[in-house]
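Good morning, and thank you for making time for this presentation. Please look at the sequence and the structure as they appear, and we shall then go through some selected places together.

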Amino acid sequence: MARRESGRSHGDLRTADTRAKVKDDYRPSRDEILRYIAENPDRSGKRDIAKAFALRGEDRIWLKDVLRDLQDEGLLTKERKRLARVGALAHVAVLDIFGRDADGVLLAHPTEAVGNGEPPVIAIRVSRGGSGPTPGIGDRVLAKTFPTDDPTGPAYSGRVIKIFEKRTDAVLGVFRVLQDGTFRIEPVERRQPELVVDKEFQNGAKNGDLVEVEPARASRYGLPRAKVLAVLGSLTSEKAVSMIAIHAHDIPHIFPADVIAEAEAVKPATLAGREDWRELPLVTIDPADAKDHDDAVFATADPDEKNPGGVVVTVAIADVAAYVRYGTGLDREALKRGNSVYFPDRVVPMLPERISNDLCSLREGQDRPALAVRMTFSADGRKLRHSFHRIMMKSAAKLAYRQAQAAIDGAPDDKTGPILDTVMKPLWDAYAVVKRGRETRQPLELELPERKILLKEDGTVERVVVPERLDAHKLIEEFMIQANVAAAETLEAKRQALVYRIHDAPSLAKQESLREFLQTLGLSLARGAQMRPNQFNGILDRVRGADHEGLVNEVVLRTQMQAEYSPSNIGHFGLNLKRYAHFTSPIRRYADLIVHRGLIAALGFGAGGLTQDEAERLEEVSALISATERRAMAAERDTVDRLIAAYLAERVDDRFDARISGVTKSGLFVQLPQYGADGFIPVSSLGGDYYIYDETARSLFGERTGKGYQLADRVEVRLIEVAPMAGAMRFEMLTDPKPLPGSKRSFHKAKGRARASQSRPGSRGRRR
């Protein structure tokens, strides 16, 4: 049977031209509903399904119940407002092409895991007539995917939207010269083997150089061989560790010459077509070491007598759309990067320095173009109204967080003193009002300290600190959230296409897992598909100050879904907002630039607005920038791991206070709170008992004693081994196992589950 790409199915036959023929009492079977959802991934919302099967009135209520049952049974999952078969591939996905079938059709796997089984195979359909991108083996592509009807062939077909930069088989490593004069490549990936380099393939590499190598075909005996393709720099130089992550994650970090030339040729924006707000004392409040400033704030009491105790908050954001126009080289490069990437030793910006650090940076005392939103709040923190403006502004002061906080706390300096009464105090008064609205809204309140690595001049770690969380931070954060909400509301009201920042509620499976875990601690969680953040906050309040406070916070965090970008709105669960878009950081996030362009087009603000062509591509752009965001997060995390591992390499055999950050069948992951670094303790090294993994309780416990270790436990460990370039550390447990919380009944249930699992064919237990 031929593969389908149109997405049409038997469900589509029950639309306008045939609906009259459908019997009034017709209700589709569960299998028909599941098949329709599988074959129509882009039209799988409740309304779409009801329309496809011509369901009305009570039948729609019946459909809602059926869909909920299918979710409860684990057959369906909710993604945004659409339903999908569990384990189904996303409609727009990033794929890696790995080969061809017997007919020469390109085959691909999804870059990210789908479900728990083998990754699905996608047959790539190439456009006829040479139109559209033409991919090849080894390419990474963004594609629309469609389920097929062929039971013997690939489960999906894919139509390529975009080809990412060409990938090679090259790998990264550190060039080492051994005492006998031979050359080795020390891997930077944890699962990569060592490689041998013959002298003729040294290519000028010296001991300690970070190199890109091409592995040769493995020989029957000894280590595999490789040749050096390029020397990327010495590991003794600054910024070498972040360079590993940049190359390992294929992050574009060098701007093409034509993009630099385009940025240098840009002329500063003028007052033409803008409101003149240069007399308004807007101020920037940022980290002390910030290089660019894309937001400024001002607040005052509302003079309207009808709004006693109310405030007016103004947020101005750099007008990046004035300089970066759709379809230009600057725009294409920004989209390819998706966002800026922040490492401890460098920033890989989304835009060239001429744009990000100069023309678009809201510098003190200099004219700068901006988009501003003026928001009026009632005394109880409710936003009453807002308006957007395209302006020319001049920052009255460049302030650091600590500097601003010190002024409010009674220690103003030469810069904050003159504006303390006119600018600073009104800002804090406005924050007190807006904070009341936040408390009423009750977003998810997880207090998770963020660590910052401070480096020496040579790029090595000096120390790791946890910056104090100040009201100055919270003020800017809440003002930015409100500005983002205002942007989404305005674009919706104008029926303008936009990219939302969405965050789905935890899946039913994750909710049930959390519920089972809480039961082991004597805590309960109400059942129901429509959970709210305040239910999680209630749990966190109940364990505040308890021994297992850290454990519960950790598990609640892991229950949450990952935020992403989408042209379809489902709201933001964590912030407890019905609509939310990123508007406040267009210098470093492409999503914000799209929102700016949407506002310019919707409000008639002149040149630089969202084009029709751009609006039609928002689904693929959303998938792309969601992927680049995850790429940046992984690269940043890997760099921190490598820096800390190198820092602790001199401390093998030292003891550390640690916290268990992960529990698996094979062992325990531990984090050193002082450094934010992670390492592993193999279950084989625990000794003294046969350890059983209890997934519900997130623990390993001894079969004989019932004692063990649980997620978030505080323990003492010894550092045994460090692989700095791989960012890997291995520890030995020094703390004795403890009796685990929960009843004997839960202990025996977990023991029974583990034994049942180990009795299945192919399962193996460890006895140590």
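Let me begin with a question: is serine 585 buried or exposed? Serine 585 is buried, because its relative accessible area is 5%; buried means under 20% relative accessible area, exposed over 50%, and partly exposed in between, with a 1.4 Å probe and protein chains only. Serine 585 lies in the loop between β25 (564-566) and α14 (590-602). Helices (H or I, at least four residues) and strands (E, at least two) are DSSP runs, numbered from the N terminus. Leaving aside neighbours within four places in sequence, serine 585 is in contact with Asp294 and Asp592, where contact means heavy atoms within 4.5 Å.

Some background is in order. This is a predicted model, in which local features need pLDDT of at least 70 and side-chain atom pairs count only at pLDDT 80 or more, while totals for chains, interfaces and linings use all residues. Residues are numbered from 1 along each chain as its sequence is written, and side-chain values use heavy atoms, with hydrogens and water left out.

Next, the protein chain as a whole. The protein chain contains 17 helices and 34 strands. Of its 768 residues, 48% are buried. Among contacts between residues at least 6 apart in sequence, 67% join residues at least 24 apart.

I turn now to helix packing. Two packed helices are described by the angle between their axes and the distance between the axes. Axes are lines fitted to C-alpha atoms, for helices over the stretch in contact, and angles run from 0 to 180 degrees between N-to-C directions.

Helix α14, which follows the loop of serine 585, has a partner in helix α6 (residues 329-337): their axes come within 9 Å and cross at roughly 130 degrees. That angle makes α6 oblique to α14; angles under 35 degrees count as roughly parallel, over 145 as roughly antiparallel, 65 to 115 as roughly perpendicular and the rest as oblique. On the α6 side the contact involves Asp331, Ala334 and Leu335, which meet Tyr590, Leu593 and Arg597 in α14. By class, the residues of this contact are 4 nonpolar, no polar and 2 charged. Here Ala, Val, Leu, Ile, Met, Phe, Trp, Tyr, Cys and Pro count as nonpolar, Asp, Glu, Lys and Arg as charged, and the others, Gly among them, as polar.

A second pair is helix α11 (residues 508-520) with helix α13 (residues 549-559), whose axes come within 10 Å and cross at roughly 165 degrees. This makes α11 roughly antiparallel to α13. Lys510, Gln511, Leu514, Phe517 and Leu518 of α11 make the contact with Leu551, Val552, Val555, Val556, Arg558 and Thr559 of α13. This contact has 7 nonpolar, 2 polar and 2 charged residues.

What of helix α1 (residues 30-39)? Isoleucine 33 is found there, and isoleucine 33 is buried, with a relative accessible area of 0%. Beyond residues up to four places away in sequence, isoleucine 33 touches Pro28, Trp62, Leu63, Val66, Leu67 and Leu70. Isoleucine 33 and leucine 70 are 37 residues apart in sequence and 9.8 Å apart in space, C-alpha to C-alpha.We come now to the strands. Strand β22 (residues 452-455) and strand β23 (residues 461-465) run antiparallel and are joined by 4 bridges; two strands pair if DSSP finds at least two bridges between them. One such bridge links isoleucine 453 with valine 464 in β23. The two strands form a hairpin with 5 residues between them, and glycine 459 in the turn has a positive phi of about 90 degrees. Along β22, Ile453 and Leu455 point to one face and are buried, while Lys452 and Leu454 point to the other and are not.

Valine 461, in strand β23, is buried, with a relative accessible area of 3%. Its contacts, not counting residues up to four places away in sequence, include Ile453, Leu643 and Tyr647.

Finally, a closed barrel of 5 strands runs β8-β9-β10-β12-β11, with mixed pairing. Strands β8 (residues 171-177) and β11 (residues 209-215) run antiparallel, joined by 4 bridges, and glycine 173 stands opposite valine 211 in β11.
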